Amino acid sequence: MLRRASGLLARPILAARARPFSTDLPAAQTADATFLEAWKKVIPNMDPPKTPLSFMQPRPPTPSSIPSKLTVNFVLPYASELATKEVDMVIVPATTGQMGVLPGHVATIAELKPGVLSVHEGNEVTKYFISSGFAFIHANSFADVIAVEAVPLDRIDASLVQKGLAEFTQKLSSATTDLEKAEAQIGIDVHSALNSALTG
Amino acid sequence: MAMAALRREGRRFAPLISPRPITAFRSSPLAPTREAEGPIGVRYISTQVVRNRMKSVKNIQKITKAMKMVAASKLRAIQTKAENSRGLWQPFTALLGDTPSVDVKKNVIVTVSSDKGLCGGINSTSVKISKALHKLNSGPENETKYVILGEKAKAQLVRDSKKDIELIITELQKNPLSYTQVSVLADDILKNVEFDALRIVFNKFHSVVSFLPTVSTVLSPEIVEREAEAGGKLGDLDSYEIEGGETKGEILQNLTEFQFSCVMFNSVLENACSEQGARMSAMDSSSRNAGDMLDRLTLTYNRTRQASITTELIEIISGASALEG
């Protein structure tokens with residue numbers, strides 16, 4: 001019965017292809033409505049729980065012309081570094097290399113490797129070194145970058161980086177099990193990325 | 001819970017409080033009626049019972065007031081963390097949408113609860129919602145399992161759903177909550193539990209007096225692909241180009257694992273905030289109730305004391321008038 005309902009939903013949403021966002025207001029209500037109805041049928045006495053959709057700001061639909069600014073959300077577990085900040089360009093360290101994102105970039109899901117994220121706004125550039133994470137670029141010139149840790153580049157100590165690199169290289173050569181090798185390799189990757197971030 | 005205990009005890013002691021003079025021998029008119037000690041053969045009404053009650057109720061009031069202060073300070077500390085982590089799950093919902101009504105074979109319900117009690121009804125609410133979700137998702141070929149975080153939900157769910165419980169994790173808040181700890185936990189769950197959809201049930205912290213039970217859904221990569229092909233909410237996932245990784249499947253796998261750990265982190269923090277807030281209001285109403293009880297006991301105490309003084313005087317005066325006339 002739920003499958004039929006989702007089939008019925010597909011039709012109006014396909015008609016509204018111009019707005020690919022499922023979190024736009026009308027679509028959001030229908031999604032919750034299926035859950036709400038199913039809940040009410042089975043458990044009529046309790047209020048249904050809330051879902052994340054009701055706590056989210058809806059995102060704007062894809063505009064017909066390319067907007068002039070890119071809206072960036074840069075989030076970490078401990079803070080939202082940048083929240084809906086309008087910038088000109090961001091460069092993210094994807095696993096395939098540094099990727100520049102301008103307004104109107106094609107929708108992409110990019111996995112990130114440890115590296116430098118730079119945010120270009122007018123003439124100023126803010127650089128952060130991020131541990132890995134993900135970057136989502138949506139069709140409406142919204143970019144979400146989620147990383148586990150981020151530090152501005154001026155807070156990194158070069159001597160500690162060198163020490164860490166030497167330590168992990170040594171660990172890799174003395175590693176016996178696959179797990180140890182993998183851990184040492186990760187350490188080397190991060191420290192060499194830190195090194196190149198400081199020098200480059 | 002403390003309030004209910006106090007109320008029960010109040011009822012139990014009520015018959016004892018009503019002042020009934022304990023018949024004993026005469027006391028000297030100068031000896032006040034309140035002392036338990038006195039020469040043998042004194043006649044007075046004992047207010048000892050009432051005084052003991054007053055002392056214990058006053059202590060309870062002090063304790064619950066202190067617990068409220070402690071909960072308030074813990075809430076302050078953890079509230080900033082929870083609010084900062086709120087941005088973490090939003091990109092995932094923006095990308096993958098939220099599909100609580102998805103129909104899958106293997107559901108896993110992750111119930112987040114507290115380890116300590118005296119925090120109002122939030123744990124019972126979470127357990128009720130989990131059981132309701134279990135009922136909602138039951139069907140032929142569907143199976144629903146529980147992963148329990150916290151002692152309180154464990155105590156409630158073990159009683160009737162013991163066979164459905166996959167994993168129990170307790171002592172989450174022994175060390176201050178951090179993303180590393182939660183990601184290790186998430187890794188544990190992902191490795192040991194087979195799932196098509198994970199539903200995380202927790203209490204979202206709305207304000208100090210309001211906690212909203214919430215369920216967040218995280219789908220496994222295969223289901224994400226299935227829903228993307230079926231169209232509807234995730235239909236636009238195919239329009240996204242994939243950077244990095246060998247295949248789309250690999251990226252989706254990493255994505256869902258990362259999503260799960262981020263959503264878990266936020267939900268654990270929000271639940272901890274709700275726990276402290278609920279404890280604050282529970283302890284507040286408890287101390288207020290203790291204060292009310294103390295007022296009532298004080299009145300009873302004074303009445304008892306005055307009644308015994310009056311009885312003394314009556315006896316003396318009637319004795320004196322008997323001697324005269």
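## Confidence first

pLDDT is the predictor's confidence in each residue, on a scale from 0 to 100. You need that number here, as this is a predicted model: local features need pLDDT of at least 70, side-chain atom pairs count only at pLDDT 80 or more, and totals for chains, interfaces and linings use all residues. For bookkeeping, residues are numbered from 1 along each chain as its sequence is written, chains are lettered from A and ligands numbered from 1 in the order in which they are written, and side-chain values use heavy atoms, with hydrogens and water left out.

Overall, the model scores ipTM 0.79 and pTM 0.81. Chain A has a mean pLDDT of 80, with 84% of its residues at 70 or more; for chain B the mean is 85, and 86% of the residues get there.

## Where to be careful

Helices (H or I, at least four residues) and strands (E, at least two) are DSSP runs, numbered from the N terminus. Among the elements of chain A, α1(A) has the lowest mean pLDDT, 47, and β9(A) the highest, 91. Over residues 5-28 of chain A the pLDDT is below 50, and this stretch has 35 contacts (heavy atoms within 4.5 Å) in the model beyond near neighbours in sequence.

In chain B, helix α1 (residues 2-17) sits at the bottom of the elements with a mean of 52, while helix α2 (residues 48-84) tops them with 94. Residues 13-39 of chain B stay under 50, and the model gives them 39 contacts beyond four places in sequence. A tip for reading such parts: where pLDDT is low, the predicted coordinates should not be read in detail.

## Where the chains meet

How many residues does each chain bring to the contact? Chain A brings 49 and chain B brings 48. Buried area is the accessible area (1.4 Å probe) that two parts lose on being put together, summed over both. Between chain A and chain B this comes to about 4500 Å², and carbon and sulfur atoms give 71% of that. On the chain A side, A:Phe55, A:Tyr78 and A:Ile109 lose the most area to chain B, together 14% of what that side buries.

A salt bridge is a side-chain nitrogen of Lys or Arg within 4 Å of a carboxyl oxygen of Asp or Glu. The count of those between chain A and chain B is 0.

Two strands pair if DSSP finds at least two bridges between them. One such pairing crosses between the chains: β5(A) and strand β6 (residues 241-243) of chain B run parallel over 3 bridges. There, A:Ile109 has B:Ile242 as its bridge partner.

## Inside chain A

Over all chains, the structure holds 17 salt bridges. One of them joins A:Asp144 to A:Arg59, with the closest N and O atoms 3.2 Å apart. A:Asp144 lies in strand β9 of chain A and A:Arg59 in the loop between α2 and β1 of chain A, so this pair ties together parts that are 85 residues apart in sequence.

Chain A also has a hairpin, made by β3(A) and β4(A) with 2 residues between them. Strand β3 (residues 89-94) and strand β4 (residues 97-101) of chain A run antiparallel and are joined by 5 bridges. Look for A:Ile91 in this hairpin: its bridge partner in β4(A) is A:Gly100.
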